[in-house]
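Okay, thanks for coming, everyone. I'll put the structure up and we'll walk through a couple of things in it.

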Amino acid sequence: MMRKLIYYIDKGFNQYEPFYEYTVPAVGEDEIYARQLCNYFIKDGMQYELLANELEEDDEILTIKEIGLNEKAPDEMDYRGKGLYVEIRLNSRSENYRLLTKLPCQTHFEVIRYLLKDAILLSELGQFRITSREIDEDRGVYVLYGEFNHGE
């Protein structure tokens, strides 16, 4: 029985500091699983990268490393109070991580469906290959970054 999800920050030299915690039932098990599928975590304007995903008895443990300030795209919006969404963005700094589409989801299980994929066919745009997955806690949205498969 899952009890909680705990984020730890790797401070280097085998030093780990508790950072953030989510408990069941405050968040559902489906949300906890969705979070574990994300390579990146945005919280309080900072970006973190997932280093390890572990299980300690009934607790889910994510070890993250601080990357630095979150680089914002000019077309970002806040989804808090507007529902559950997955954004699909180009993984290209030169294109300002342009938003291609946003997908409304009813549940975190639906979000998980997208997070598990390596590629998604975007109607009229083509096959989009996913290169990373992110939960942006600040904006209340999951984000898939990637690129188009050329020649397919």
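So, a search through the whole structure turns up zero disulfides. Keep in mind that this is a predicted model. Quick reminder: a disulfide is a covalent bond between the sulfur atoms of two cysteines.

Why does Cys-38 not have a bond to another cysteine? Well, the closest cysteine sulfur sits in Cys-105, and that is 12 Å away, so it's too far for a bond. For the cut-off, we'd want the two sulfurs within 2.5 Å. Looking from the other side, the closest cysteine sulfur to Cys-105 is the one in Cys-38, again at 12 Å and too far for a bond.

And are these two buried or exposed? Cys-38 has 5% relative accessibility, so it counts as buried. Cys-105 is buried too, with a relative accessible area of 6%.

Okay, on to the strands. S3, residues 40-43, pairs with S4, residues 46-56, and the pairing is antiparallel, with four bridges. If you want a spot to look at, find Ile-42: its bridge partner in S4 is Gln-47. S3 and S4 make a hairpin with two residues between the strands, and there Asp-44 has a positive phi near 55 degrees.

Now follow S4 along to its other partner. How many bridges join S4 to S5? Ten, with S5 covering residues 59-69 and the two strands running antiparallel. One pair to click on is Ala-52, whose bridge partner in S5 is Thr-63. S4 and S5 form a hairpin as well, with two residues between them, and Glu-57 in that turn takes a positive phi of about 55 degrees.

Methods: Residues are numbered from 1 along each chain as its sequence is written. This is a predicted model: local features need pLDDT of at least 70, side-chain atom pairs count only at pLDDT 80 or more; totals for chains, interfaces and linings use all residues. Side-chain values use heavy atoms; hydrogens and water are left out. Buried means under 20% relative accessible area, exposed over 50%, partly exposed in between (1.4 Å probe, protein chains only). Two strands pair if DSSP finds at least two bridges between them.
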